[in-house]
Amino acid sequence: MNTVEQDRLLPADVVPRNTPGGSDRPGAVLVTGATGFLGAAVVAELAEHTDRRIHCLVRPRDGTAQERLEAALRDFGLWSDAWSGRVTALAGDLARPGCGLSDVDRRVVLDDVDTIHHCGAGVNVSYPYEALRAANVTGTVEVLRLVCEGRPKRLAHVSTVSVLYGRAPGDRETPDVVPDFAELGPAGALGGYGLSKWVAEDLVARARERGVDALVFRPGALAGHTRTGVSNPNDYAWLFLRTCAAMGAAPLAGAPLWWAPVDHAARAVVRLTDASVAAAPPAYHLIAPEPTRYTTLFSWLRRFGHRLRPVDFALWRGRLLDAAVASDRDEVRRIAATLPGSSAGGAAAIPDVASDRTDAALAELGVRCPVLDEPLARRYFEVGVARAELAAPETIAMAPRTSRRGP
């Protein structure tokens, strides 16, 4: 039995043994991954639209857990001093037994918390499964153990649509479009990150079979926050646009991008988790209802002021690989490392993913995904320039022309 097969065996102690009864008032909330892009948005959504106490599992780094939490939310433009005392950090680590909580903090979680938003994960598409296993797989088991003890709890487990990329589109056993509310399919040829999240979601599904109250959310690509305009510096699409702006060239690629604003995804997670659901579906898909094509995004970048020369993809790829050797732009190096044929990459097939049933459920709750139009994209561009993530139009530097592969 290999490591993945062993990891899929849910430990016998992960079974509900919660204390019945207790207060009728809503309990506190625990958020893992609160210093990440989606986790921070979930914390802000909870703080702004509920009166619940919010605990956040945070690994201390260069200071206390609370200092790191507030610094991360400030960086995303989300922190409010009015939340002091209600949004608190608990020092811990998903990769450690018991999530690394102290005895005192563990008792707080067991006795006071009735909802856990598990947004925490190690995210690096170039890492192998073994490097992500502790945080993503073992960490999920530890969170499930917290759910099963003390006050009755609901788990909102944040997975990813990447767990579906092992499916082979067109197979007789697999539809061309994967609907939301669908069971987890085969792992197929997933890379390390996708496989670690696939195993974690599989464990949650097995826990549900034992009676654990759990919901699963599979977000896709997440665009910036509609209010703050801050984008995820690690999002592939944002890195891709930044790379094109830095190079002054864009490939002739019209691929669709289902880019949902992060605050919409956070609101969907919170509202669907809090809604009274008699029998929750296997998984909700959090993606934009309508795609935006990269050609459209490139045209918006041009109108914003960037000179983007259209280039055949093969030539653009060659220029990018040349530029990555000497570039001081982080996005250029990171995108180059994920191109097909590079050391990262993966062989997984990418099916179409639907979200119509999730969108219908959200509409009943009054939640609708904002439209990604040019004014919103321009807001992202303006904030990206202000944060020194996106090259300013007047400072575009062309990639070196020393390669014969470039135009």
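Before you click on anything, one convention: a helix axis here is a line fitted to the C-alpha atoms over the stretch in contact, and angles run from 0 to 180 degrees between N-to-C directions. Helices (H or I, at least four residues) and strands (E, at least two) are DSSP runs, numbered from the N terminus.

You're looking at a predicted model, where local features need pLDDT of at least 70, side-chain atom pairs count only at pLDDT 80 or more, and totals for chains, interfaces and linings use all residues. Residues are numbered from 1 along each chain as its sequence is written, and side-chain values use heavy atoms, with hydrogens and water left out.

**Stop 1: the whole thing**

Show the cartoon. The protein has 13 helices and 15 strands. Of its 407 residues, 53% are buried, where buried means under 20% relative accessible area, exposed means over 50%, and partly exposed is in between (1.4 Å probe, protein chains only). If you like contact maps, count a contact as heavy atoms within 4.5 Å. Among contacts between residues at least 6 apart in sequence, 81% join residues at least 24 apart.

**Stop 2: the sheet**

Now pick out the sheet. Seven strands make an open sheet with parallel pairing, in the order S3-S2-S1-S4-S5-S7-S12. Two strands count as paired if DSSP finds at least two bridges between them. Select 87-91 and 284-286 to see the edge strands, S3 and S12, each of which pairs on one side only. From one strand to the next, the twist averages 25°.

Zoom in on S1 (residues 28-32) and S4 (residues 113-118): these run parallel and are joined by five bridges. For one of them, select Val31, whose bridge partner in S4 is His117.

**Stop 3: helices on the sheet**

Add residues 37-49. That's helix H2, which lies across S1, S2 (54-58), S3, S4, S5 (154-158) and S7 (214-219), running at about 165° to S1. Next add residues 65-75, helix H3, which packs on the sheet, touches S2 and S3, and makes about 130° with the direction of S3.

**Stop 4: two loops with positive phi**

Which residue in the loop between S2 and H3 should you select? Asp62 is the one to take from that loop. Its phi is near 50°, a positive value in a residue other than glycine. Asp62 is exposed, with a relative accessible area of 86%.

Then go to the loop between S3 and helix H4 (103-112) and select Cys99. Phi of Cys99 is near 60°, again positive in a residue other than glycine. Is Cys99 buried or exposed? Cys99 is buried, at 1% relative accessible area.

**Stop 5: aromatic rings**

Show Phe, Tyr and Trp as sticks. Rings (for Trp, the six-membered one) pair if their centres lie within 6.5 Å; planes under 30 degrees apart count as stacked, over 60 as edge-to-face, and the rest as tilted. By this rule there are twelve aromatic pairs. Try Trp79 and Trp83, an edge-to-face pair at 5.7 Å centre to centre with 80° between the planes. Both of these Trp residues, Trp79 and Trp83, are buried.

For a tilted pair, select Tyr294 and Phe298: 6.2 Å centre to centre, 40° between the planes. Both lie in helix H9 (residues 294-304), four residues apart, about one turn of the helix. Tyr294 is buried at 11% relative accessible area, and Phe298 counts as buried at 3%. Widen the selection to Tyr236, Phe240, Tyr294, Phe298, Phe313 and Trp316, and you have one aromatic cluster.

**Stop 6: helices against H9**

Keep H9 on screen and add helix H7 (residues 236-247). H7 and H9 pack at an angle of about 50°, with their axes 11 Å apart. Angles under 35 degrees count as roughly parallel, over 145 as roughly antiparallel, 65 to 115 as roughly perpendicular, and the rest as oblique; H7 and H9 are therefore oblique to each other. To see the contact, select Tyr236, Ala237, Phe240, Leu241 and Cys244 of H7 with Tyr294, Leu297, Phe298 and Leu301 of H9.

Last, bring in helix H13 (residues 374-386): its axis and that of H9 come within 10 Å and cross at roughly 60°. H9 and H13 are therefore oblique too. Their contact residues include Leu297, Trp300 and Leu301 of H9, and Ala377, Phe381 and Val385 of H13.
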